[in-house]
Amino acid sequence: MKVLIVSMSTLFIDALQIAIQDKRPTWQVDTYPIQAPIFNQTLLKKIKEQCIDIVVIETTNQHFALIIESLKKVKGPEIDIMLLVDSRMGEVYHHLKDEERWASVTKNTGLDEFLLLMESFKSNTPHLVEVSLKELDKKILKDLAVGHTFEFIQRTRDLTAEEIDQALHRITTYFKVPNYIESISKAFEQKIIAY
């Protein structure tokens with residue numbers, strides 16, 4: 001797999017590059033430091049020329065919206081984009097809900113889980129894996145359907161951010177949709193949750 005890591009933090013991308021290459025020596029991992037949270041044609045040319053499979057973009061909640069708008073404005077090849085964000089806030093999902101080949105992962109995700117997510121990410125998956133919903137997943141779906149935030153769910157159900165991320169991954173995989181918002185609609189349609 002060919003991976004490109006993009007960040008405003010050179011230390012971060014260098015450390016992540018080393019960590020990924022240590023765990024997945026067959027992967028080609030390149031880095032691209034940016035000076036501002038803006039994408040340009042030079043970066044997209046690099047992505048296209050090197051036939052990158054997945055672009056990992058590290059961003060902060062402060063710069064997240066700028067990164068997204070910059071990515072949407074610059075025309076480029078169809079690529080998988082994984083955003084490393086500070087937290088799973090509603091704004092992240094709002095911006096990503098219509099982007100089939102984009103996903104977000106929180107920065108507190110462990111390296112092994114992060115690598116598994118990259119391997120199973122959208123176009124890198126040759127076959128759809130059959131997943132079943134756990135009771136916790138159904139409870140989280142209900143909570144999201146009534147408008148609770150991830151932070152509220154985490155606090156009231158005594159869950160870690162990683163547990164919520166895993167549940168969201170199972171939920172979107174089960175319904176074969178790119179985001180949890182579409183999962184809620186499908187859950188109502190299939191009567192998995194009710195009003």
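The exercises below walk through the sheet, its helices and some side-chain pairs of this structure.

The model is a predicted one, in which local features need pLDDT of at least 70 and side-chain atom pairs count only at pLDDT 80 or more, while totals for chains, interfaces and linings use all residues. Residues are numbered from 1 along each chain as its sequence is written, and side-chain values use heavy atoms, with hydrogens and water left out.

**Exercise 1. The sheet**

Find the order in which the strands form the open sheet, and state which strands lie at its edges.

Solution. Helices (H or I, at least four residues) and strands (E, at least two) are DSSP runs numbered from the N terminus, and two strands pair if DSSP finds at least two bridges between them. With these terms, five strands form an open sheet in the order 2-1-3-4-5, and the pairing is parallel. The edge strands are strand 2 (28-33) and strand 5, each of which pairs on one side only. Neighbouring strands of this sheet are turned by 20 degrees against each other on average, direction ignored, where axes are lines fitted to C-alpha atoms, for helices over the stretch in contact, and angles run from 0 to 180 degrees between N-to-C directions.

**Exercise 2. Strand 4 and its neighbours**

Describe how strand 4 pairs on each side, and decide whether its residues are buried or exposed.

Solution. On one pairing, strand 3 (residues 54-58) joins strand 4 in the parallel sense over five bridges; among the partners, isoleucine 57 is matched with leucine 83 and glutamate 58 with leucine 84. Strand 4 also pairs with strand 5 (residues 102-106), again parallel and over five bridges, and here the bridge partner of valine 85 is threonine 106.

For the second step, buried means under 20% relative accessible area, exposed over 50%, and partly exposed in between (1.4 Å probe, protein chains only). Six of the six residues of strand 4 (residues 80-85) are buried. In a regular strand the side chains alternate between the two faces of the sheet. Asp80, Met82 and Leu84 on one side and Ile81, Leu83 and Val85 on the other are all buried, so both faces of strand 4 are covered.

**Exercise 3. A helix against a helix**

Determine how helix 6 is oriented towards helix 9, and what kinds of residue make up the contact.

Solution. The axes of helix 6 (residues 135-145) and helix 9 (residues 180-189) come within 10 Å and cross at roughly 105 degrees. Angles under 35 degrees count as roughly parallel, over 145 as roughly antiparallel, 65 to 115 as roughly perpendicular and the rest as oblique, which means that helix 6 is roughly perpendicular to helix 9. In the contact (heavy atoms within 4.5 Å), Leu141, Leu144 and Ala145 of helix 6 meet Tyr180, Ser183, Ile184, Ala187 and Phe188 of helix 9. The residues of this contact divide into seven nonpolar, one polar and no charged, where Ala, Val, Leu, Ile, Met, Phe, Trp, Tyr, Cys and Pro count as nonpolar, Asp, Glu, Lys and Arg as charged, and the others, Gly among them, as polar.

**Exercise 4. A salt bridge**

Locate the two residues joined by the salt bridge of lysine 107, and compare their exposure.

Solution. A salt bridge is a side-chain nitrogen of Lys or Arg within 4 Å of a carboxyl oxygen of Asp or Glu, and the whole structure holds five. In one of them, lysine 107 meets glutamate 58 at 2.7 Å, N to O. The pair links distant parts of the chain, with lysine 107 in the loop between strand 5 and helix 5 (111-119) and glutamate 58 in strand 3, 49 residues apart. Lysine 107 is partly exposed, at 31% relative accessible area, whereas glutamate 58 is buried, at 14%.
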